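Morning, everyone. I have one structure to walk you through today. Let me put it on the screen.

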Amino acid sequence: MGLEVALWRAVAAYRGLALVYAALVIAMNFGGYAHPAAGWAVLGVMAAWTAYAVRAFADPRRRGRTLLGADLAVAAGCLLATAWVETAENIAAGRPTLPVSWVAAAVLSWAVAGGRRLGVTAALVLAAANLAVHAIAGTAGGLGSRTFNGIVLLFLAGLVVGHVVRLALEAEARLARAVELESATRERERLARRIHDSVLQVLAMVQRRGGELGGEAAELGRLAGEQEAALRSLIGAAPPGPAPSPGAGAGVDLRPLLTRRASASVTVSTPATEVLLPGHAAREVEAAVAAALDNVRRHCGSGARAWVLLEDGGGEITVSVRDDGPGMAAGRLEEAAADGRLGVAQSIRGRVADLGGEVTIVSAEGEGTEIELTVPRPAVR
């Protein structure tokens, strides 16, 4: 994404500026080093790694564990080299380490790549290296406020930058999704106007004329009516909601899966807000509803109507499928299962039971049938 590219460019700019600052500090202090030539050697390593890291981190395919680990290792190594280059007196006096603030670039890289956890982890490694410099030089007892402040700043950089980066990337992803949804909604509205002005009117006319003519024309009219209802449901359905945030549990909105089952003989009613289920659970509920509607068509005749109602109970969802057919006599389902006809048992009860839910069937002769599917809903976002 554009924001991520900008973040890595900012880290690259920081590397370059921090390298210039480290070079100025080494140039000012090299006369007091125990090994002045080694100080310039460390600066050469820092310059070479800066040039390589800027190019490497610019390539998304190379921003893996290997590059991040190498970046942190080079920063820690240059920091530890201070114990050999500097004198113990200068270290005890609080003189800056050789890389100074250049090492913070590794913390920023880890924070941008993995958020606050990786940022704090990198800060912890460099804090340990900073303390090791004093331990090697024998000045651990004289740990000054400057060293302590530097360690605190590293932790704050890893924590704050990592947190802000994650929030910024999530915000960018949501904005991109919102723009995509707005574009899709406008296109849906444009198509809906054109369909309403042409296809829907033709289907409505075919349905009306077919009913007037009777015979085979009436059947064609009925089919045209079903397609008209399906098209109206499709163009009137709410667009899908925003995609889940990165790292969030993925959920599927059950509403569009059920509304596409609507027709001239099937009415589907859903809540105005999303009803999210895990993808597998949503598909199984849809399949169970499809099996229930198939039973209505098969056993109640072509003239029967059905109503599908989706209810969101928070911790569970309930789907009711009711028809105005002839109903069933008591014990009919048990007889069907005994005869090996397991449509309801397997297609409906089996699916819902696998999801940890329950199926309730209420029916009586001449009063239609109502099938109620209740499924617990895990936490999805």
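Start with helix α6. It bends by about 150° at G115. Keep in mind that this is a predicted model.

What does that bend go with? Look at the span. Helix α6 covers residues 104–137. A straight helix of 34 residues would span 50 Å at 1.5 Å a residue. Helix α6 spans only 22 Å between its end C-alpha atoms. And look just past the end of α6. There, G138 takes a positive phi of about 75°.

Now set α1 beside that. Helix α1 is residues 2–29. It has 28 residues and reaches 41 Å from its first C-alpha to its last. The expected value, at 1.5 Å a residue, is 40 Å, so α1 comes close to it.

How do α1 and α6 sit together? Two packed helices are described by the angle between their axes and the distance between the axes. For α1 and α6, the angle is about 175° and the axes are 9 Å apart. The two helices are therefore roughly antiparallel to each other; the cut-off for that word is an angle over 145 degrees. Who touches whom? On the α1 side, we have L7, W8, V11, Y14 and R15. On the α6 side, they meet A104, A105, L108, S109, V112 and A113.

Helix α1 has another partner. That is helix α2, residues 36–57. The packing angle here is about 170°, and the axes are 10 Å apart. That makes α1 roughly antiparallel to α2 as well. From α1, the contact is made by W8, A12, R15, G16, L19, A22, A23, I26 and A27. From α2, the residues include W40, L43, M46, W49 and F57.

Which residues of α1 are buried? The list is L7, W8, V11, A12, R15, A18, L19, A22, V25, I26 and N29. Watch the spacing as you read it. An α-helix has 3.6 residues a turn, so residues three or four places apart point the same way.

Next, the loop leading into α6. V100 is found there, between α5 and α6. Its phi is near 50°, a positive value in a residue other than glycine. Buried or exposed? At 19% relative accessibility, V100 counts as buried, because the cut-off is under 20%.

Move along the chain to helix α10, residues 254–259. R255 is found in it. This arginine counts as buried, at 9% relative accessibility. What does its side chain join? A polar contact of 2.8 Å links the side chains of R255 and D253.

One more loop. G325 is found between β5 and α12. At 10% relative accessibility, G325 counts as buried. Which residues does it touch, leaving aside its neighbours within four places in sequence? They are C300, G366, E367 and G368. Take G366: it is 41 residues from G325 along the chain. Yet the C-alpha atoms of the two are separated by 7.1 Å.

Now step back to the whole protein. There are 13 helices and 7 strands. Of the 381 residues, 39% count as buried. Consider the contacts with a separation of 6 or more. Residues 24 or more positions apart account for 69% of them.

To close, go back to where we began: α6, with its bend of about 150° at G115. Thanks, that is my slot.

Conventions
Residues are numbered from 1 along each chain as its sequence is written. This is a predicted model: local features need pLDDT of at least 70, side-chain atom pairs count only at pLDDT 80 or more; totals for chains, interfaces and linings use all residues. Side-chain values use heavy atoms; hydrogens and water are left out. Helices (H or I, at least four residues) and strands (E, at least two) are DSSP runs, numbered from the N terminus. The bend at a residue is the angle between axes fitted to the seven residues ending there and the seven starting there. Buried means under 20% relative accessible area, exposed over 50%, partly exposed in between (1.4 Å probe, protein chains only). A polar contact is a pair of N or O atoms within 3.5 Å; within protein, one must be able to donate a hydrogen and the other to accept it, and residues adjacent in sequence count only if both atoms are side-chain atoms. Axes are lines fitted to C-alpha atoms, for helices over the stretch in contact, and angles run from 0 to 180 degrees between N-to-C directions. Angles under 35 degrees count as roughly parallel, over 145 as roughly antiparallel, 65 to 115 as roughly perpendicular and the rest as oblique. Contact means heavy atoms within 4.5 Å.
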